[in-house]
Amino acid sequence: MSRITQVLITVFCLLQLTNASAGKQTLTIYTYDSFTSDWGPGPQVKKAFEEQCDCILEFVGLEDGVALLSRLKLEATNTKADLILGIDTNLTAEARATGLIEPHQISTGPTTLPTDWKDTYFLPYDYGYFAFVYNKEILPNPPTSLKELVESTDAPEILIQDPRTSTPGLGFLLWMKKVYGDEAHKAWVKLSKRVVTVSKGWSEAYGLFLKGEAPMVLSYTTSPAYHIIAEEDKRFAAASFEEGHYQQIEVAGLIASSKKKALGREFLTFMMSEKFQSIIPTTNWMYPAALEQDQLPAAFKDLVKPGHTLLFKDTDIAKNRKQWISEWLEAMAE
Amino acid sequence: MSAYPVLAILAFMVLGPMMALLTVTGVSVIESESLSFWKSAYLRRVLIFSFWQAFLSTALSVSLAIIVARAFARYGCFPFRNLILKLFGLPLVIPAVVAVFGLVSVFGTGGWIPLGRDLYGLNGILLAHIFFNLPLAVRLLLPAWKSIPEQHWKLGQQLGMNSWQQWKYLEWPTLRENLPGVGVLVFMLCLTSFAVVLTLGGGPKSTTLEVAIYQSLRFDFEPAQAAVLAALQLSLCATVALISFRLQKLPEVEITSTALQCPVDTNTLKLNAVILLAAVVYVAMPMIAMLFEAFTGPVRQVLSNPALWRSAALSLSIGMIAATLSILAAWLILRSASDLYYIKRKHKAAYLEMAGSIVYVVPPLVIGTGLFVLIAPRFNVFDWAIPIVILINAMTGLPFAIRALGPAMRQNKMRYQRLCESLNLDGWNRFKTVDWPLLRKPLGLAMALVTALAMGDLGVIALFGTPETTTLPLLLYQQLGAYLMSEAAVTAVFLLGFCLLVFWLLEGIIGGRENV
Amino acid sequence: MFSIRQLCFTYTDTENNTVMPMSFELQAERGEILSLIGPSGSGKTSLLNLIAGFIQASAGQIFVDGEDIQQLPPAQRPVSMVFQSHNLFPHLDVFTNIALGINPSLKLSVDEHQSIEDALVTLGLEGFKKRKPGQLSGGQQQRVAIARALVREHDILLLDEPFAALGPAMRAELIMALKELVSRRKMIALMVSHQPADALLASKHTAFIDNGQVISIQKTSELLNDRKRQEIMSYLGSE
C-alpha cells in the first residue's frame, strides 16, 4: 500500500506545482481540448505568447466549442475566463446573446478570409470547409456535386456525424439546407439510404472511414493535408462539390467581466500575428485566418478550393437550428 | 454507520445537482414551447427505443452468460481458466469508441466476419452490448454455482439426474436469486449506453434517452430539460428494477451449508468446451483486433511519451480511491441489507441494494454539470475537479461493487451471525477473523472491477477542462481528435494492458490465493 | 448379502498430498442396520461415498449378492443415501422431493404415485405433502429423506449421521421406525453415527473404523464394552 500512497502524493504534488510561480499576471483562456493537447496549437502558442507578454497563459481545454459555450453560460459573470477561443460561426449569435462578450476593438485588417470580416465581438483565428474525404485508390471517381451525391443512383456510401452532438454534423446539416432550402427534407430522405451510420463525433466517423467502412466520410477540405504532411500518405483527397462548401470559421472573443482586458487584447492582436497564425495549419489542420497564401505549407496549396463559400448568418442559425434538426430527424427516421 | 446515511449522501449527490440544473434556466420546462417537447413523437420514440434495445440486449447478454457460466462451472479446471476470467473483466473497461473500432475490425466490411451494412442497426447494438456485458454477467453469476450444497450434487448423481434435470433442480433455483440483480445491472448499462448505440445504431432511429439528455445539456442548453429527462430515466429504470424483483420469487430457504465446486460433468465435456471456446473467441476477437492494430502503430513513440505515464498514474490513483469509496459505501449498504435479510425482510433488503445501484442511470454529465453549478460560484472549480471525478466514479462503480459483494456478504451473515453472536465477536475482531478471510475474494473482484472501470472511464474530467490533469481515456480521445488514430490504437491497448495488470494485482493481493 | 473387499482410496488434500490411504474390508447382513462408528476423520463418510460412487476407489470390489457394483456410475448403483442435512430441495414440496427418488423427470405411473402415498403414511407424513421443506421441523425433513429412499426400492441404504441434529426422543423414534423398515424390506443399511447409544439401539452389529480401516465388526454391545482394543477405548472415552 505504501507504493500507492507514494503515487498519490506525487500526483497531488504535481497538481500543486501548477499553482506555483505566482507574481506574474495570468491570462485564462477557455478553449477546446484538442487545441490544448500535446498535438494541438496550445503548447506552441503558450510558449510564443509568454515570451512576449511576461505573463502566464493558461488554457482550459473543454470538450469542444459547444461545451465551451455551455460553460460560459453556466458561469456567467463569475467566469474565470478572460478570453474564449474556439467557438465557430454556428454559435457566435448565441454567445453574443449572453451579453458576456465585449467588442474586440481590434483591426480586422490582417484577415485573409475569402469574405470580409465584420463581426465586432469575435475575431477569427482559423477557418475551413466541410467536405467529403475519400481514398483515391478505392474511389477513383467521386461525386462532383452535392446533388450527385444525394441523387445519383450509383453514388458512394457515406459516414456522417450527428448534428445533435457534433459540430461537423451540424455543419453538414446547414450545408444541405443552404443547397436544398425547402427541399432539404426530401434530399435527406434520399441521402439517408446511402448513410452507413451517423456517429456521435468526428473521431468515430473518421476512424470508421480509415477502417474502410465507407468510401467517403464527412470531414474537412484540410484533412488530406494531415495525411500528406504527417504521414506522407497521398491517397486521401477531399471531393470538390460544384455548389460550393459550407464554411466553418473559428473565433475568439473577450469576456466583458475580465479584469485583464488589456492583456486579453494583447493576446487577440498576437492571435492575428504571423507567429500565431503560422502555428495553426499543421497543429489544428485548418486554414489560418490571417496568413497570406504563400506562407502556407506546400500541402495546403494543393487542397481543394471551393468555388463558392456557403455560410448562414449566425442569427439565422440560432433562430432555426432546433427546427432544422427536427426536420433532419424526421427525414432520417423515415 | 448503516446504509441510511450512505443512501442519504447518494440521494444528495444525485438530487442536489439535478435541482441545481432546474434552477439554472428557471422553469422553462413547463413553458409552452418545451411542453411540446414532452408531448412530441420524438421523445416517445426515443423512450420506446431506449427500453426496447436495453431489454433485448439484457435478455441476450444474460441468457448467453448463463450458458457460458454453466459451462465454466461444469468444465472443471483447465489451463488459463483464471486468465480467461480476468480477460472477462476487461471489455467493460474499454472506452466505447475503441470498442466500436474493435468490433468493426471484426464485423466490419473489411473485418474477419464481415456483416457489411447489416452491422449498423439493432444488430450492431446487440453485438456490442453482448461484448460488453456477457463477460461481466459470467463473472457475476459464476459464484452462484459455488453456493449449491455439496449434498445436492451428490443427490443429483445418485438419483440419475440428467443435465437438464440438474439445471432445473439444483442450478436454476440458486441462480435465480442472483438473476434480478445482475439483470438490472446489465439493463442499466445498456440503457445508458451512448456512443455505441449512436455509432453502431446506424442513424437517429437508434436514439436513446441518454442522447436526448446529452443534446439538451449541450447544443440546446436546457439544463432543466436535461435534469427532468434524467429524472425520467431514473424513475423508469427504478420501475423496471422493481418489477423484476417482484416477478422474481426470493428464495424460500437460506443457504447455510458448506459448498464445494460443482463436480466435473463428464457427459457434456465436449459441448461445454465448444461453448467456452465460442465465448472466449467472441470476447477476445475485438481485443485481438485492437492488439494487431497497436503492434503496427508507433509503439515506442507512444510509450516513451511521459504524458502517457503521468496519465496512467493519475487514472490509477483516481480509480483506486474511487474504488475504495465505492466498496466502503457498498459494504455499509450491504451490511444493512443482510441484517434485513437475516430477519427475513428479504424484499426490503433487495430494495436497499437496488437503491444503492440505481443512481447509476443518472448520467455523469448531469451530475457533473449540476455539481459544477453548485460549486462554481463558491469555490475554485479546478481544485474540485479531481475530487468530483473520484466521487462520480465511486457512484458509477457502486452497482458493480454491490453485485460482486452482495451474495457473499448475505451468505456470511446467514452462516455465521449466530456463531459470532454467541462468541461475542463484533466490530473489528469479527471483520478480521470472519468477514475478511471469507470475503476477500469477492472484495478483490469488486476492487479490481471498480478500479479498472474508473480507469477506463472518460467521466466528467473533460467537463472541467482542468489544466495538467489528463487521464488515460482523455489522452486517447485527444489522440483520436488529432488524426492520431494509430497512436490512439497503441494507447488503447496500453490502457487495456494496464487495466489487466491492475486487475491481476488487485484480485491477487486482496483476493488471496485460490482455495483460501 | 453385502461385502466389500480391499476397497482402496487415497484421501488427498487440495495440493494432491496424500493425507490418508484407506483400505476397507466389510460384510453386512440384509435386514439389519450396521452402525459405523469411529473418530472424526477416520474414513466413515468416505466409505459411504465410495459405496455410493461419489468418489472412485483405486482398487477393490463391492459385492451385492455376489455382483460387483464397483464399476457402475452412481445412478446405476442400487443405493440410496440420506445425509445429515440438505437432503431436500428447498424450492420443491414434500411430494415432489420424494417423487424425484423414483424418476427425476417426475413422470409417475399410478403405482408409483401410490407408493409415494404409502411412504408418506409409513413415515407419518400424511397431510404434509404440499409443504415446502422450510415449513417442516428437522425430524420431519429427515423423514421425508427416508421416505424418498424407501420409494426408490434400492437394496442399499446409506445413512450419514442422519439424526445428528435431532433430539433424543425424536432420534429414538426414528431409529425404531427405520429399523422396522429395514428388517421388513430386507435392506442392507449402513449408518454412520457418533452416538454409541444410537448404535446400541439400531444395530445388532457395529463396525469400528479408524485410520481408514475397519478395525473390528462385533455385536454392538460387545464392541462398546471392548476393553482390549486401545482405539475403541480411547474413542469411547473421548466421546
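**Figure 1. Helices and strands of chain C in the predicted model**. Chain C carries eight helices and ten strands. Contacts tie distant parts of the chain together: of those joining residues at least 6 apart in sequence, 65% link residues at least 24 apart.

**Figure 2. Overall dimensions of chain C**. Along the principal axes, the C-alpha atoms occupy a box of roughly 50 × 40 × 35 Å. The radius of gyration of chain C is 18 Å. A compact globule of 239 residues would have a value near 18 Å, so the two agree.

**Figure 3. Interior and surface of chain C**. Of the 239 residues in chain C, 50% are buried. That label requires under 20% relative accessible area. The exposed surface of chain C comes to about 10500 Å². Carbon and sulfur atoms provide 48% of that surface.

**Figure 4. Charged side chains of chain C**. Chain C holds 22 positive side chains and 26 negative ones. The centre of the positive set and the centre of the negative set are 4 Å apart.

**Figure 5. The contact between chain A and chain B**. Chain A brings 67 residues to this contact, and chain B brings 69 residues. Together the two chains bury about 5800 Å². Carbon and sulfur atoms account for 64% of that buried area. On the chain A side, W39(A), R164(A) and K211(A) stand out: they supply 13% of the area that chain A buries against chain B, more than any other three residues.

How values were computed. Residues numbered from 1 in each chain as written. Chains lettered and ligands numbered in written order. Predicted model: local features only at pLDDT ≥ 70, side-chain atom pairs only at ≥ 80, totals over all residues. Heavy atoms only, no water. Helix = DSSP H or I, 4+ residues; strand = E, 2+ residues; numbered from the N terminus. Rg over C-alpha atoms; globule rule 2.2 N^0.38 Å. Buried < 20%, exposed > 50% of the residue type's maximum accessible area, 1.4 Å probe, protein only. Contact = heavy atoms within 4.5 Å. Areas by Shrake-Rupley, 256 points an atom, 1.4 Å probe, with all protein chains shown as cover. Lys, Arg positive; Asp, Glu negative; His and termini not counted. Charge placed at Lys NZ, Arg CZ, Asp CG, Glu CD. Buried area = accessible area lost by both parts, 1.4 Å probe.
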